[in-house]
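Hi,

Here is the structure I promised to pass on. Have a look at it first, and my notes follow underneath.

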Amino acid sequence: MITIDPKEVSTGRLHGMMLGAIGPRPIAFASTIDTDGVPNLSPFSFFNVFSANPPILIFSPARRVRDNTSKHTLDNVHATKEVVINIVNYDIVQQMSLSSTEYATGVNEFVKAGLTMVPSTKVEPFRVGESPVQFECKVREVVALGEEGGAGNLVICEVLLMHVKEAVLDDEGKIDQHKIDQVARMGGNWYTRAKTGMFEVPKPVTTLGIGVDTLPESIRLSSVLTGNDLGKLGNVEALPREADIRQFLADHPEIKAQIISENPTEIHKFAKQYLDQNDITTAWNILAANK
């Protein structure tokens, strides 16, 4: 057994070990707006429920370890005192991950991730239309736990309204744990799907994913590709180049023969097979060759 003294290791090392040890962690998909009304959407796995009367949820946006700056979510809850916490299920896990890309101030992560903005009833931030459960909250208090990079900030939220999709309810009106199909965060790239077990979601590219909004319309509006599929496709730095596509087809004549005479629906089905295997490069070359 190794022993770690927090004072004798880097914050990054300690952070990674803690996240690897403490899990699965539920995910608060937090929707906020700034003082100009610009939406922001970001996931946080330091999150849970702490009271039913009053109904209290707490999540914690940490200060960035690398440069000790604060995240847009934290700035927004300080400024507006409102947030919507959306629950993440398996159907939106890839889009949720894509939204965690650190886009510039003013970029709408709803749009980049291809998620639907639904107006809230009692607060200004939007709800995520695809989320199975959404909590409209007022922020009662923000408790800073430190001033250095990696320090958490407890955002104490009182639930004003809770929205639940009927599709996740059982015959008695309770939330069916199989139907809601929740996911939770673990260490590294790992998540767990409550009803089936662990799976991996590569972290968003260290630059910027192109986003679902920049996908060709034929792909974005596909009747075959799911939101998770679009999230994977949007988490690339750039679309394949024509020269790369030609080389790929030359190197894979069996794939070229498969797609040369197929209709778009069949090509999307073919590409989806590779997306299901997380072979994003092959899927993109198949789709881009027939755009």
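I'll start with helix α7: its buried residues pack against α3 (93–99), α6 (217–220), α10 and α11. Keep in mind throughout that this is a predicted model. The buried set in α7 consists of Asn228, Asp229, Leu230, Gly231, Lys232, Leu233 and Gly234. That is seven of the eight residues of the helix, so α7 is largely enclosed by the rest of the structure.

Two of those names come back in the largest nonpolar core, which has 26 residues: Leu230 and Leu233 are among the ones with the most contacts inside it, along with Leu215, Ile219, Trp284 and Ile286. At least two residues of this core come from each of α7 (227–234), α8 (242–251), α9 (253–259), α10 (264–276) and α11 (280–288). The largest share, six residues, is supplied by α11. If you want one residue to click on here, try Leu215: setting aside neighbours within four places in sequence, it touches Ile210, Arg220, Leu230, Leu233, Gly234 and Trp284.

There is also a second, separate core of 21 residues, and Ile85, Cys137, Cys157 and Val159 are included in it. Two cysteines in one core made me check for a bond. How many disulfides does a search of the whole structure find? Zero. Cys137 is in no disulfide, and the nearest cysteine sulfur, that of Cys157, is 5.0 Å away. Seen from the other side, the closest cysteine sulfur to that of Cys157 is the one in Cys137, and 5.0 Å is too far for a bond, given that the cut-off for a disulfide is 2.5 Å between the sulfur atoms. Both cysteines are buried: Cys137 has 0% relative accessibility, and Cys157 also comes out at 0%.

Next, helix α2 (residues 72–80). Thr73, Leu74, Asn76 and Val77 are its buried residues. They lie on the same side of α2, because they cover an arc of only 165° around the axis. What do they pack against? The partners are strands: β1 (28–33), β2 (39–44), β4 (55–59), β5 (82–87), β8 (133–144) and β9 (153–164). Just after the helix, Lys81 takes a positive phi of about 65°, which you may want to look at in the viewer.

One more residue, Val164, sits in strand β9. It counts as partly exposed, at 32% relative accessibility. Apart from neighbours within four places in sequence, Val164 contacts Pro132, Val133, Leu169 and Ile175. Its C-alpha atom is 26 Å from that of Leu221, which is 57 residues away along the chain.

Finally, the overall numbers. The chain contains 11 helices and 12 strands. Its C-alpha trace spans about 60 × 50 × 40 Å along the principal axes. The radius of gyration is 21 Å, which agrees with the value near 19 Å for a compact globule of 291 residues. Buried residues make up 45% of the chain. Of the contacts with a separation of 6 or more, 62% are between residues 24 or more positions apart. The exposed area is about 15,100 Å², with 51% of it supplied by carbon and sulfur atoms.

Cheers

Key:
Residues are numbered from 1 along each chain as its sequence is written. This is a predicted model: local features need pLDDT of at least 70, side-chain atom pairs count only at pLDDT 80 or more; totals for chains, interfaces and linings use all residues. Side-chain values use heavy atoms; hydrogens and water are left out. Buried means under 20% relative accessible area, exposed over 50%, partly exposed in between (1.4 Å probe, protein chains only). Helices (H or I, at least four residues) and strands (E, at least two) are DSSP runs, numbered from the N terminus. The arc is that of the directions from the helix axis to the C-beta atoms. Contact means heavy atoms within 4.5 Å. A nonpolar core is a set of buried Ala, Val, Leu, Ile, Met, Phe, Trp, Tyr and Cys residues joined through side-chain atoms within 4.5 Å. The radius of gyration is taken over C-alpha atoms; the globule rule is 2.2 Å times the number of residues to the power 0.38. Accessible areas come from the Shrake-Rupley method with a 1.4 Å probe; for residues, only the protein chains shown count as cover.
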